[in-house]
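Reader: Hey, can you walk me through the charged pairs in this one? I've got the viewer open.

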Amino acid sequence: MPSLQDQLPPELAHDVIRLYRECLRRAKFIGHQNHNTELLVDMVRQQFKRHKQETDPAKIEKLKDDAARALINHILYEAEKMVGGKFKKS
């Protein structure tokens, strides 16, 4: 039986794998700071497992976009903490 990766366009499958790895890295970073690494890593894994049988490219793109948006929001949040305030919109 072919794997789900074989059923998806190669660039989409690659993007999902990259996003999964980045989410795990971010969960480990946040978890290290808050002393709950195992919990956060498990949450990321559960989210990806919940949708691992998805084969509809449009739905996968939406899920990818949602995850990427969450990563970007966290990165901005961390950057704001480092500079001590909110970024101003231009």
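Reader: So how many salt bridges does a search of the whole structure find?
Author: Seven salt bridges turn up in the whole structure. A salt bridge here is a side-chain nitrogen of Lys or Arg within 4 Å of a carboxyl oxygen of Asp or Glu. Keep in mind that this is a predicted model, where local features need pLDDT of at least 70 and side-chain atom pairs count only at pLDDT 80 or more, while totals for chains, interfaces and linings use all residues. Residues are numbered from 1 along each chain as its sequence is written, and side-chain values use heavy atoms, with hydrogens and water left out.

Reader: Why would side chains pair up like that?
Author: Side chains of opposite charge can pair when their charged atoms come close.

Reader: OK, what does Asp15 meet in a salt bridge?
Author: Asp15 pairs with Lys64, at 3.2 Å from N to O. This pair links distant parts of the chain, 49 residues apart: Asp15 sits in helix H2 (residues 10–34) and Lys64 in helix H4 (residues 57–83). Helices are DSSP runs of H or I with at least four residues, strands are runs of E with at least two, and both are numbered from the N terminus.

Reader: And is Lys64 buried or exposed?
Author: Lys64 is buried, at 14% relative accessibility, whereas Asp15 is partly exposed at 24%. Buried means under 20% relative accessible area, exposed means over 50%, and partly exposed is in between (1.4 Å probe, protein chains only).

Reader: Which residues are linked with Asp15 in a network?
Author: Arg18, Glu61 and Lys64 join Asp15 in a network of salt bridges.

Reader: What about Lys62, which residue does that one meet?
Author: Lys62 forms a salt bridge with Asp66, 2.9 Å from N to O. They're four residues apart in helix H4, so about one helical turn separates them. Lys62 counts as exposed at 51%, and Asp66 is partly exposed at 32%.

Reader: Where does Glu54 find its partner?
Author: At Lys59, with the closest N and O atoms 3.9 Å apart. Glu54 is partly exposed, with a relative accessible area of 22%, and Lys59 is partly exposed too, at 38%.

Reader: Switching topic: which helix is His74 in, and what does it touch?
Author: His74 lies in helix H4. Leaving out residues up to four places away in sequence, His74 touches Arg26, Phe29 and Ile30; contact means heavy atoms within 4.5 Å.

Reader: Buried or exposed, that His74?
Author: His74 is buried, with a relative accessible area of 15%.
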